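Reader: Hi, I'm new to this and would love a close look at just one part. Could you walk me through the surroundings of the ligand?

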Amino acid sequence: MAMPRYDKLVFEIGAPGRVGYSLPASDVPVEDPRAGIPDSYLRREAPALPEVSEFDVVRHYSRLSQLNYGVDTHFYPLGSCTMKYNPKLNETMARLPGFARLHPLTPPASAQGALGLMHDLAQMLGEIAGMDAVSLQPAAGAQGELAGVLMIRAFHRANGEKRTKVLVPDSAHGTNPASTALAGYQVVQLKSLANGDVDLADLEAHLAPDVAAFMITQPNTLGLFEQRILEITDLCHARGVQVYMDGANLNAILGITRPGDLGFDVCHFNLHKTFTTPHGGGGPGAGPVGVKSHLEPFLPAPVVVRRGEAYALDWKRPKSIGKLQAFWGNFGMLVRAYTYIRTMGPDGLREVSENAVLNANYIMARLAKDYDVAAPGPCMHECVLSARKQKKLGVTAMDIAKRLLDLGFYAPSTYFPLIVEEALMIEPTETESKETLDAFCDAMIQIAREAEQSPAVIHEAPVTTSVRRLDQTRAAREPDLRWAPRR
Amino acid sequence: MANIPAELRYTKDHEWAKQEGGRIRVGITHFAQEQLGDVVFVELPKAGARATAKKAFGVVESVKAVSDLFAPLSGEVVEVNDALAKAPETVNGDPYGKGWMIVIAPSAPREWDGLLTASQYEEFLAQSGP
Ligand SMILES: Cc1ncc(COP(=O)(O)O)c(C=O)c1O
């Protein structure tokens with residue numbers, strides 16, 4: 001008989017009646033719940049909880065942890081996500097009892113250290129982005145976008161202007177139109193040029209009096225710096241249109257240029273990308289949003305302020321768009337980002353971007369012979385390839401992504417941006433060594449050869465992972481989202 | 001090359017339109033379904049809704065992307081292909097047949113003349129596409 005499969009759901013291991021605890025006999029009278037709880041709230045059957053021993057639980061979760069795949073174990077070139085190494089010092093600082101054990105409702109007088117950290121982090125982010133004020137509340141990039149667009153809306157309203165539309169390029173990340181629509185605006189999609197740049201003539205034609213904002217990503221989602229950005233922001237401002245920068249790609253420009261200097265009115269930061277807080281399952285996100293002074297009155301309340309020597313939460317902000325998050329944001333993430341910025345310092349942050357750009361260009365140069373590049377480089381912190389050549393041989397971007405898993409690498413982003421056919425978006429980040437980049441490029445080149453000579457090995461991939469190719473179509477058509485008790 | 005029936009008219013957003021005795025049947029083209037990949041969800045209006053030319057009437061979602069569906073002509077939606085709710089893959093398998101989406105009773109039938117013919121659509125694909 002084989003060992004139990006500890007990688008099944010915890011509900012599916014164990015045995016009926018097995019328990020992993022023993023409680024002492026009750027030393028208080030045991031009440032019948034029916035005496036105190038109305039009948040309609042009583043359940044008829046016991047809940048279907050897992051029936052496992054402590055040892056089962058340990059084996060189960062140890063096994064799951066071995067199946068984990070992350071930056072701590074593998075190269076993770078997921079484009080647009082900046083999967084860089086997250087220094088362990090961040091974790092140590094976030095676990096300092098003075099931070100970790102602080103109750104969010106501690107009176108400000110007893111939480112000066114935490115408030116001071118938030119105040120200083122907001123200032124540092126403002127300086128990095130050239131913004132006048134920063135709110136740390138949003139819990140992700142997408143929520144930062146929502147906050148930014150709501151502030152723009154409040155600004156226009158305060159000026160007695162009724163503007164109903166927001167322009168978003170077709171190269172944008174899906175969160176841009178989504179947060180815009182959620183803020184009550186009509187989204188107007190603009191066609192980008194082939195290299196992902198804004199088509200200025202087309203933009204100008206769309207800048208009607210009912211347009212509230214233009215939202216773009218800089219560098220754009222093809223990993224290229226929008227060269228005519230100053231013309232773009234000037235053009236928008238001349239028509240009373242606010243310009244929002246999606247800061248997902250900030251890792252390309254730290255210490256080199258600043259959104260505020262490029263004319264942007266608002267931008268968000270993804271602390272879980274650029275500023276080394278965990279990304280994905282490792283922890284909640286954080287998407288602070290920065291604004292120029294004309295938008296400051298509309299920041300989410302409360303704002304951390306400094307009054308003399310003391311820090312306080314300022315709630316008296318009549319024009320605020322309101323509170324966005326439970327308490328004051330994902331505070332543990334703020335401690336990590338603060339730690340990172342302080343350890344790197346201004347010169348270190350500039351080097352981050354220089355090396356991120358260098359690494360991406362190295363990959364682009366090594367792969368340009370075997371894959372089509374989406375737009376001629378040099379690129380910024382990420383490069384976008386197209387597998388259109390391989391597709392003619394029956395090998396898609398998705399196939400290449402699966403084959404990479406077999407060769408020991410996480411896959412790049414695929415099929416984003418949407419304007420690139422068979423897109424493979426590769427963001428190596430600055431924290432990878434040349435040996436890793438070379439090994440990755442070797443794997444990509446090997447796959448290009450396989451596409452020509454032995455495509456079957458690509459179509460079968462992955463074979464080395466714990467599960468083979470998943471049926472994503474069936475998963476989307478017949479989602480099976482939770483375990484249902486067997487009756 | 002591509003599968004573009006001659007008797008239909010087309011939009012630049014890759015919808016097709018078919019004359020059926022004054023009413024217009026609408027779906028997405030073979031090219032569109034191929035670009036989208038496996039369709040997993042189709043959201044359509046209810047019969048009786050108004051469609052406006054060049055405006056979204058529904059949404060199609062695939063494993064790769066979510067896209068609006070644009071009405072080729074204005075008018076009242078008189079029929080809706082409810083079968084797509086249970087079997088969205090029909091859009092991939094039979095985009096010009098069982099994968100149709102809505103039927104419009106046009107309020108401005110002349111809008112038909114502004115749609116692309118099969119050869120114009122083919123040319124449009126050749127210019128813009130791979
Ligand atoms: C370009 C771009 N914009 C916005 C976002 C949304 O950020 P978040 O996932 O933090 O909500 C992402 C996320 O990957 C992105 O790549």
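Author: Sure, here is a walk around the ligand and its neighbours.

First, some ground rules: this is a predicted model, where local features need pLDDT of at least 70 and side-chain atom pairs count only at pLDDT 80 or more, while totals for chains, interfaces and linings use all residues. Residues are numbered from 1 along each chain as its sequence is written, chains are lettered from A and ligands numbered from 1 in the order in which they are written, and side-chain values use heavy atoms, leaving out hydrogens and water.

Now, who sits around the ligand? The shell (residues with a heavy atom within 4 Å of it) includes Ser80(A), Glu145(A), His173(A), Thr175(A), Asp246(A), His272(A) and Lys273(A). Sorted by class, you get three nonpolar, six polar and three charged residues; here Ala, Val, Leu, Ile, Met, Phe, Trp, Tyr, Cys and Pro count as nonpolar, Asp, Glu, Lys and Arg as charged, and the others, Gly among them, as polar. Helix α6 of chain A, residues 141-158, gives the largest share of that shell, with three residues. (A helix here is a DSSP run of H or I with at least four residues, numbered from the N terminus.)

Next come the polar contacts, meaning pairs of N or O atoms within 3.5 Å. A polar backbone atom of Gly141(A) is 2.7 Å from an oxygen atom of the ligand, and one of Ala142(A) is 2.8 Å from a ligand oxygen. Asn270(A) joins in with a polar side-chain atom, 3.0 Å from an oxygen atom of the ligand. As for cover, the ligand taken alone exposes 390 Å², and the protein buries 87% of that (areas by the Shrake-Rupley method with a 1.4 Å probe).

Conventions:
Polar contact = N/O pair within 3.5 Å; in protein donor to acceptor, adjacent residues only side chain to side chain. Helix = DSSP H or I, 4+ residues; strand = E, 2+ residues; numbered from the N terminus.
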